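Visitor: Hi, I've just opened this one and I'm new to it. Can you walk me through?
Guide: Sure, let's take a look together.

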Amino acid sequence: VSPSVPRETDGTYWGYQVRMTSSLKAIFDEAPFPNGYDLKIGTSERGDISVDDENFGQGRNHGGSCDDGDKISNFQHAIIVVGGVAGIEECVDADETLEISGNKSKSLFDMW
């Protein structure tokens, strides 16, 4: 089913789009926006913060470069990257176009 079917047949829109890419690096390189994503969130069981944490979204550094609280509340285009069963780390290790190892995956994201 095309991602547009619920919106076109029902008028239902959940506020996000899903897209697949050929590599993890392509997620960022092939962003559908001229300036890319200004908020990048990576999900990991080894992440630095949870949505259940009282400081979630308050702008302290959570693994990337997000020291500015405005970045979290004033973004234009956000992306949430969800890894496979073994996590984003394994995806990074498998992506030959990236020059980092899986244990450095959080450096790709503003929040981890």
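Visitor: Where is Y16?
Guide: Y16 sits in the loop between helix 1 (5-10) and helix 2 (24-29). Helices here are DSSP runs of H or I with at least four residues, numbered from the N terminus. By the way, this is a predicted model: local features need pLDDT of at least 70, side-chain atom pairs count only at pLDDT 80 or more, and totals for chains, interfaces and linings use all residues. Residues are numbered from 1 along each chain as its sequence is written, and side-chain values use heavy atoms, with hydrogens and water left out.

Visitor: Is Y16 buried or exposed?
Guide: Partly exposed, because its relative accessibility is 48%. Buried means under 20% relative accessible area, exposed over 50%, and partly exposed in between (1.4 Å probe, protein chains only).

Visitor: New topic: how many aromatic pairs are there?
Guide: A search of the whole structure gives three. Rings of Phe, Tyr and Trp (its six-membered ring) pair if their centres lie within 6.5 Å; planes under 30 degrees apart are stacked, over 60 edge-to-face, and the rest tilted. One of the pairs is F28 with F109, edge-to-face at 5.9 Å centre to centre and 65° between the planes.

Visitor: What does that pair tie together?
Guide: F28 is in helix 2 and F109 in the segment after helix 4 (88-94), so the pair links parts 81 residues apart in sequence. F109 also stacks with W112, 5.6 Å centre to centre and 25° between the planes. F28, F109 and W112 make one aromatic cluster.

Visitor: And W112, buried or exposed?
Guide: Buried, because its relative accessibility is 6%.

Technical notes: Helix = DSSP H or I, 4+ residues; strand = E, 2+ residues; numbered from the N terminus.
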